[in-house]
Structures are given as C-alpha cells and as structure tokens.
Amino acid sequence: MPRIVLGIEYDGSRFHGWQWQRRARTVQAELEKALTRIANQPVTVVCAGRTDTGVHALEQVVHFDCSVERDNHAWVMGGNSQLPEDIRILWAQPAVDDFHARYSAIARFYRYIILNRKVKSALMPHQATWCYEPLDEQKMHLAAQSLIGEHDFSSFRASSCQSKSPSRLMYFVDVYRQQNQVIIDLSANAFVHHMVRNIAGVLMAVGRGSQPVSWVEDLLEIKDRKQGGMTAPPDGLYLGGVYYPEQYRINPHPLFARLPKNASRFD
C-alpha cells in the first residue's frame, strides 16, 4: 500500500505521552482517530520518536500505510479539521523508497526551554520550565560542551531505560538566552530515556552556581545516574526535528546543517 509521511506539532501538556494507552489521552490515539475518518479505513501511525507525558513536539515525523488516494492538501486540511486544537499536521507527502519514520532517521534534535524570571507565566504555564533563580547561560553552555562526541551517558539515563547500550553520539549542544528564556538545543544520533531532561537538570544546577562547570564532565566519567542530580520537568521539552538522508526528500530543520557529512543511524 502507498505510504504517507506527515510532519506534526503538538502541545503535550494534556497528553499522557505519544503512545496509545487504554483509558488515557495520547497523541497517537487522537491522530489515528482523525486520519481514520479522512481515509474511511483504519489507520495506524508510526512515529520517529515517542515522547513522554507532558513533552511537546515542534516537528514530529510519522508515517502510515493507506490504500485510498488523497492529495497532500487533503491529508493536512482534512486531518486538522478532525484533530483537537493541541495537535496540528504541518505537511504531508508520499514516502520515497523504503522510508520508515523511526528506522530511517539518523539524527534527532531536541529543545529545552527555561523561563528564567521571578514570576511564573500565565500564558504558557506548561510550555516552559520555570526557574526563578538567575541562570548563567554562558557557564551552562561551557559545561555542555563536555557532552559533545561519543560517550557513555549512564549518568544521564533513567533507571527505567530499556536501551541495550547507554552510549550515544552527541553532535552539538548550545545554551543561549533570548530575553527571559534560556534555551538548550541538542542533537545526537539517538537519546536514552530522560537523557535531555537529565542534562537540563544538571545544566540548570551549573547555571545557578550550585555546581561547577566541570561537574558535567565528572558525571560522564562516574557513569552513575544516582550522582546526576534532578530530572528537569517535561514542560520545557520539545522534539524539535528529525533528520533523514537526502534520498527521502524530507526538508531538514536548519540546525541539521551542522551535522557531519558522515552522520549515520544509531544501531
């Protein structure tokens, strides 16, 4: 059957994560319900990376197989007409060759947003993590550079992580300020469970001055999650984008221009 690829964004604050669950509101369930109505047949979607409860997406990538023909516009506009307001289909296109939303991906980009001011936000209470203490984003950025390269991320890995290996290749980590927001952008060939939130928690401790810049490098060497400090809340976490080989004709996020030419899929 023909395979369709979608890019979607969602506010995860009212969802129990991506994956379908009995008696729980999930992104997958809502998306499949909407697409099933447009296709007039059952639709099952596969995503590039499952997100946890409360986590958002700027551009999640999914695919599904469907025997009916609809043009790209119909999938986008028709799908959005059936979706709740906290999910939107951004684009749709036919899959090329053997494309698979998860297994064809060779890098992912996450963004973590921290609202750094004395007062919580009334406008985006669940779209950023609030930190009332002043953060030194320059120290955070300097500390984060220790994460670049291939490392054992055991100190940043949830105890419930089911991955066979804690090793991942981090391509870049940037920490910068935009007015009262401190933003962390990270890209790697793959991520272990809670890796970004654990990194954010460690960098926030460095930014507050409660830990030295060298702490990040120390944690990599220790390889012990119990030494790694708090797990930052899900509110500020976004799946920013997914990178695929050019043959699949999926426009990459501009940040992926920084990837090395030999970037390859995590196995």
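Which elements do the buried residues of α1 pack against? The legends below begin with that view.

**View 1. Helix α1 and the elements that its buried residues pack against.** The structure is a predicted model, in which local features need pLDDT of at least 70 and side-chain atom pairs count only at pLDDT 80 or more, while totals for chains, interfaces and linings use all residues. Residues are numbered from 1 along each chain as its sequence is written, and side-chain values use heavy atoms, with hydrogens and water left out. The buried residues of α1 pack against β1 (3–10), β3 (56–65), α2 (72–82) and β4, where helices (H or I, at least four residues) and strands (E, at least two) are DSSP runs numbered from the N terminus, and where contact means heavy atoms within 4.5 Å. Those buried residues are V27, Q28, E30, L31, E32, A34, L35, I38 and A39; buried means under 20% relative accessible area, exposed over 50%, and partly exposed in between (1.4 Å probe, protein chains only).

**View 2. The two ends of helix α1 (residues 27–39).** The end C-alpha atoms of α1 are 18 Å apart, which agrees with the 18 Å that its 13 residues should span at 1.5 Å a residue, the expected span being 1.5 Å times one less than the number of residues. At the start of the helix, a side-chain oxygen of T26 reaches to within 3.2 Å of the backbone nitrogen of A29. Just after α1, N40 takes a positive phi of about 60 degrees, and N40 lies in the loop between α1 and β2, where at 65% relative accessibility it counts as exposed.

**View 3. Q179 in the loop between β8 (167–178) and β9 (181–188).** Most residues other than glycine have a negative phi. Q179 has a positive phi of about 55 degrees although it is not a glycine, and at 75% relative accessibility Q179 counts as exposed.

**View 4. Q93 in strand β4 (residues 87–94).** Q93 is buried, with a relative accessible area of 19%, and, not counting residues up to four places away in sequence, Q93 touches R3, I4, V5, N72, Y248, R249 and I250. For one of these residues, R249, the backbone oxygen lies 2.9 Å from a polar atom of the side chain of Q93.

**View 5. E137 in helix α3 (residues 137–144).** At 18% relative accessibility, E137 counts as buried. Leaving aside its neighbours within four places in sequence, E137 is in contact with V175, Y176, R177 and V182.

**View 6. Helix α4 (residues 195–208) and the residue just after it.** Helix α4 has 14 residues and reaches 20 Å from its first C-alpha to its last, close to the 20 Å expected at 1.5 Å a residue. Of these residues 13 of the 14 are buried, so α4 is largely enclosed by the rest of the structure. Just after α4, G209 takes a positive phi of about 90 degrees.

**View 7. The largest pocket and its lining.** About 1300 Å³ of space lies in the largest pocket. Of the 41 residues that line the largest pocket, the closest to its centre are G49, R50, R102, F191 and H193. A pocket, on a 1 Å grid over the protein atoms alone, is an open set of points where a 1.4 Å probe fits, with protein on both sides within 12 Å along at least five of seven lines, and lining residues have an atom within 4 Å of a point. The largest share of the lining, 3 residues, comes from α4.

Notes
A polar contact is a pair of N or O atoms within 3.5 Å; within protein, one must be able to donate a hydrogen and the other to accept it, and residues adjacent in sequence count only if both atoms are side-chain atoms. Grid points are joined across faces, edges and corners, and a volume is the space filled by probe spheres set on the points.
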